Amino acid sequence: MAQEKSEFLKGTLDMLILKIVALGPIHGYAISQRIQQISKDFFQVPQGSLYPALHRLEDRGWLAADWRESDTGRDAKFYTLTRKGRRQLETELVYWEKLSDAVALILRTAE
Amino acid sequence: MHWFRRLFQKDISEKQLDAELRDHLARQIADYIAAGLSPEGARRRANLDFGGLESIKQQTRESHSGNFLEALLQDVFFGVRLLKKSPALTAIIVVTLALGIGVNTAIFSVLNGWLLRPLPVRAPQQVVVLAFSQQHDGSNFSYSDLVDFRNQSNSFSDLFAYGLSVAGLSANGRATEFAYSSVTGNYFSALSIKPALGRFFLPGEGEAAGTPLLVVLGNACWRKNFGGNPGVAGKQVSVNGKPATIIGVAPEDFHGTFFAFDMDGFLTLNAMAMDKQSNNFWTDRHDRRLVVLGRLKPGVSLSHASTAVNVIAQRLAIQYPSTNSNVAIHVIPERLARPAPLVSSFVPTIAGLFLVLAALILLLACMNVANLFLTRATARRRELAIRSALGAGRARLIRQIITESLVLALLGGIAGILFGDWAISASGSALHSVTTTSNFAYRMDCQFDWRVFSYTFGAVILAGIFVGLWPALRAGNAGAEEVLHPGGRSDSAGTGRQKFRSVLVVAQVAGSLVLLIMAGLFVRSLKHAEHMYLGFGPDRVLNVMLDPHQIGYDDIRARSLYRELERRIRSMSGVESVSLASAVPLGFPGRAVPIYLESRPLTAGQQPPQITFNAVDSGYFATMRIPLLSGRAFNESDDESAPMVAIVNQTMAKQLWPNENPIGKRFRWKDVDGPFVEIVGVAHDGQYLFVSPESQPYFYLPLAQNFSSLLTLQVHSALPSESLMASVQRQIRAVAPDLPIVDVRTMQQIVRGLGGLFIFRLAATLAAALGFLGLVLAVIGLYGIVSFGMSQRTQEMGVRVALGAASSDILRLALGQGLALVSIGVLAGVFSAWALSRAMTKLLLGVSGGDPATYALTALTLLLVALLAAYVPARRASRVDPMVALRYE
């Protein structure tokens with residue numbers, strides 16, 4: 001099951017990150033914690049997936065990053081959603097809704 | 001440019017990445033401590049969660065596009081390190097690629113010098129050549145035509161022209177040979193070039209009878225004959241005894257507009273009307289000696305200009321039906337009209353053919369290297385599999401192998417450029433030795449410029465990708481489990497790879513057979529040309545060209561000079577006969593003139609045939625040993641006061657008086673109302689302008705009735721011609737001490753020269769060299785492929801032998817497979833060569849493009865050589881000791 005879960009996560013991780021960052025400036029560790037908490041421990045984002053994804057999204061201009069002082073007193077890298085990122089998120093959400101409706105429909109109808 | 005900036009901010013981003021990940025780790029540890037773990041336990045747990053810090057860093061780095069360049073550099077360094085590890089293999093690959101790339105570079109550089117390099121003038125792309133053709137016979141323009149086109153055309157900002165000639169230039173009491181272009185006044189202004197010294201001609205200058213003769217010196221001639229004297233402008237000289245003034249010097253990079261030759265200088269156009277045979281130059285529409293060029297007005301297209309000039313040509317045809325009917329003008333970009341607008345049509349064919357052959361060589365070289373690469377890739381499967389297991393992506397592996405092959409190709413390219421440069425200078429000096437005695441200084445500029453380098457670079461990239469692609473794709477597919485599995489044996493080298501090798505064998509055999517067949521066709525064509533009957537005897541004839549006009553003699557003095565020379569030389573020991581002629585077959589061409597038959601007047605709009613003639617004296621047919629088939633030769637009594645006579649060759653007799661006896665028939669030449677000449681003899685056909693399979697019409701006139709001062713003295717001797725050279729020159733100096741000798745060549749030299757067999761020999765040599773190279777590459781390739789294939793199957797062979805197969809069975813098995821592949825390759829090669837030879841029928845003499853003997857012989861040769869190449873490794877395989885083979889690995 002772990003294998004399937006990670007495959008599933010791979011396809012949706014970008015969207016989840018964008019959604020979390022949309023709530024406000026946030027650093028990498030907090031993003032992984034937030035995803036884990038909200039999903040009630042269903043998703044655990046490995047760092048080996050999280051950071052490549054964050055840097056990829058930053059590269060594409062969907063996320064912006066800056067270093068600022070954090071609650072611990074140390075500087076941390078905070079990500080924020082850019083306007084381009086917001087548009088991307090909207091597109092992905094619409095697509096996701098359609099996808100899950102379609103999947104649900106198939107599962108219901110084929111029962 | 002995000003990634004680019006990042007490459008240089010690598011340190012910063014590395015530090016930031018490190019800080020970011022460490023921050024994450026610290027927070028995780030803090031959370032575990034808060035949840036009640038001991039600091040030590042929290043640290044260990046967090047580290048465990050985290051996995052390898054370095055591996056995460058690497059994965060994150062690779063998510064940046066900027067890392068392409070970084071990875072590339074890594075791959076290049078890795079590749080170089082790997083190549084250094086196996087220097088022998090690297091050397092073989094580089095040399096093989098260098099041969100392939102070098103051949104391509106050399107051939108392309110010739111093509112570049114010929115067809116691509118523009119004239120060193122302003123906006124060279126606007127310069128076009130107007131090719132004049134009438135009923136398929138190409139010719140140049142008359143001056144009157146040029147004037148009409150100039151006045152009526154508005155597609156060109158300038159129409160200008162030149163004609164070539166040779167004269168004696170006397171300065172400081174010394175006469176030298178002077179090869180020049182007579183040019184219109186606007187020649188230099190239209191080309192828009194600046195003089196190195198003094199001034200150039202002005203538009204209109206020198207374009208009328210009676211205007212002063214002006215000279216612009218070529219830069220090389222100025223340095224050589226005038227010591228680079230900066231005060232040369234204004235100097236008085238004489239050209240063929242006529243006074244002329246030097247007014248300027250051309251810049252160093254300008255050599256005239258006649259392709260591949262360097263002009264000693266430029267004369268005003270009135271130089272073309274200098275001798276008495278050309279006194280109608282300004283008005284005679286039959287006197288067509290001008291090559292016309294134009295500079296297109298900005299925005300005027302080639303097709304627009306072409307349409308416009310042909311409208312004018314039609315207008316002129318109506319106005320001057322006797323000279324200008326059926327004239328068509330082709331407007332050709334200057335570069336495509338080289339060497340001359342009329343013979344250029346087959347140049348692209350030759351160029352294309354040799355480019356294809358050179359590309360084939362590169363393809364063969366690449367196949368050999370691909371095979372070596374594949375062999376090495378097999379040996380490296382473990383390494384690649386380990387890299388793959390350690391997290392290198394498929395794309396990254398492919399990229400790495402391609403990078404390696406590109407590095408090799410680049411090394412091969414550098415060596416290839418050196419090799420190509422050497423090949424060009426070697427063949428250039430061979431070419432120079434052929435042309436060194438001709439009047440015009442040969443100048444073929446094959447220097448490598450950016451076009452050659454881009455072409456070579458393109459070849460390098462293609463070769464690199466071609467060589468690396470297959471092994472790269474295989475490596476990309478290599479599953480780690482499969483290779484690293486302890487029992488994983490080479491049988492997974494499997495069918496795909498074997499299939500690829502089979503394709504290589506077939507392609508190599510086919511490619512080298514195409515090269516061999518081309519070489520065979522060209523060599524047979526040369527053999528045919530060498531042994532064909534030229535229509536005259538080329539042995540032991542010495543040709544000495546003189547022009548007494550060059551030292552100011554008039555015709556009467558010139559005639560007596562020649563008489564005296566003939567008398568003196570005839571009395572020399574070993575001389576069998578002496579004669580004079582205005583043209584030398586395959587050497588110095590005669591002039592084509594219109595012919596008007598007495599028996600068949602032209603109908604309206606019909607054009608007279610243009611036929612080349614030679615004015616010769618009574619000894620000519622004996623000296624040149626040209627058989628007379630009927631009638632008589634010229635004799636001493638055919639002089640100015642006797643009736644005008646002519647001798648025609650078989651082809652002219654057949655074309656103009658079919659099924660009639662031509663003896664006694666009369667015709668006019670040059671002028672429609674000139675005197676009739678009566679045919680008194682028919683001479684054997686021969687080769688005249690250049691060696692060609694079709695016989696050309698030709699006729700002879702008595703020299704006494706048609707004297708000109710530029711003549712060739714021909715001496716037939718019992719001794720080799722070379723031994724006479726010195727004594728003949730001594731006789732000339734005794735009679736006229738300051739008379740320059742225009743040219744001295746034996747008839748054999750002329751036959752081997754540019755107008756003769758040179759082109760055939762060049763093509764045959766080049767094609768043979770390419771064919772040999774192709775054969776060597778194919779043999780090496782075949783040997784490598786077969787022996788590798790056998791070594792992969794050692795175990796199988798061992799099993800077969802252990803089960804009772806005799807070594808002859810094994811040999812048959814191994815050879816049989818090779819033979820099948822080679823046969824397919826031979827078939828493919830024969831078919832491709834046959835298709836390619838369609839394009840080259842024009843280039844062959846006495847042999848068809850589908851010559852069965854050539855095909856059979858080359859195919860057989862290749863088959864035998866290929867079998868030999870396969871036999872050696874097959875025999876080795878057949879002798880395998882089953883015990884050794886089964887323990888193998």
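Select A:Thr80, which is found in strand S3 of chain A; helices (H or I, at least four residues) and strands (E, at least two) are DSSP runs, numbered from the N terminus. This is a predicted model, in which local features need pLDDT of at least 70, side-chain atom pairs count only at pLDDT 80 or more, and totals for chains, interfaces and linings use all residues. Residues are numbered from 1 along each chain as its sequence is written, while chains are lettered from A and ligands numbered from 1 in the order in which they are written.

Is A:Thr80 buried or exposed, or something in between? A:Thr80 counts as partly exposed because it has 14 C-beta neighbours inside 10 Å. Here a residue is buried if 20 or more other C-beta atoms lie within 10 Å of its own, exposed if 12 or fewer, and partly exposed in between, with C-beta atoms placed from the backbone. Now display the residues that A:Thr80 touches: leaving aside residues up to four places away in sequence, they are A:Val21, A:Pro25, A:Leu63 and A:Ala64. Two residues are in contact if their C-beta atoms, placed from the backbone, lie within 7 Å. Add A:Gly24, which is 56 residues from A:Thr80 in sequence but 6.5 Å away in space, C-alpha to C-alpha.

**The sheet of chain A**

Widen the selection to the open sheet of three strands, whose order is S1-S3-S2 (chain A) with antiparallel pairing. Two strands pair if DSSP finds at least two bridges between them. Strand S1 (26-27) and strand S2 (63-69) of chain A are the edge strands, each pairing on one side only. S1(A) and S3(A) are joined in the antiparallel sense over two bridges, and A:Ile26 has A:Tyr79 as its bridge partner in S3(A).

Next, select A:Asp41 in the loop between H2 and H3 of chain A. A:Asp41 has a positive phi of about 65° although it is not a glycine. Most residues other than glycine have a negative phi. A:Asp41 counts as exposed because it has 8 C-beta neighbours inside 10 Å.

**Where the chains meet**

Show both chains together. The contact takes 12 residues from chain A and 17 residues from chain B. On the side of chain A that touches chain B, the elements giving two or more residues are helix H2 (28-38), helix H3 (47-59) and strand S3 (75-81) of chain A. H3(A) gives the most, with seven residues. By class, this side of chain A has four nonpolar, four polar and four charged residues; Ala, Val, Leu, Ile, Met, Phe, Trp, Tyr, Cys and Pro count as nonpolar, Asp, Glu, Lys and Arg as charged, and the others, Gly among them, as polar.

**Into chain B**

Turn to chain B, which has 27 helices and 24 strands. Of its 889 residues, 42% count as buried.

Select strand S11 (291-296) of chain B. How many of the six residues of S11(B) are buried? Six of the six are, and S11(B) is mostly covered. B:Val291, B:Leu293 and B:Arg295 point one way from S11(B), and B:Val292, B:Gly294 and B:Leu296 point the other way. Add the strands that pair with S11(B) in the antiparallel sense: S1(B) does so over four bridges and S3(B) over six bridges. B:Val129 has B:Leu293 as its bridge partner, and B:Asp158 stands opposite B:Arg295.

Now select helix H10 (residues 302-319) of chain B, whose end C-alpha atoms are 26 Å apart, in agreement with the 26 Å that its 18 residues should span at 1.5 Å a residue. The expected span of a helix is 1.5 Å times one less than its number of residues. Colour B:Ala305, B:Val309, B:Ala313 and B:Leu316, which are buried. They lie on the same side of H10(B) because they cover an arc of only 75° around the axis; the arc is that of the directions from the helix axis to the C-beta atoms. On the other side of H10(B), B:Ser303, B:Thr307 and B:Ile318 are exposed. The buried residues of H10(B) pack against several elements of chain B, including helix H7 (143-152), strand S11 (291-296) and strand S12 (327-333).

Finally, select B:Leu586, in the loop between strand S15 (575-581) and strand S16 (591-597) of chain B. Phi of B:Leu586 is near 65°, a positive value in a residue other than glycine. B:Leu586 is buried, with 24 other C-beta atoms within 10 Å.
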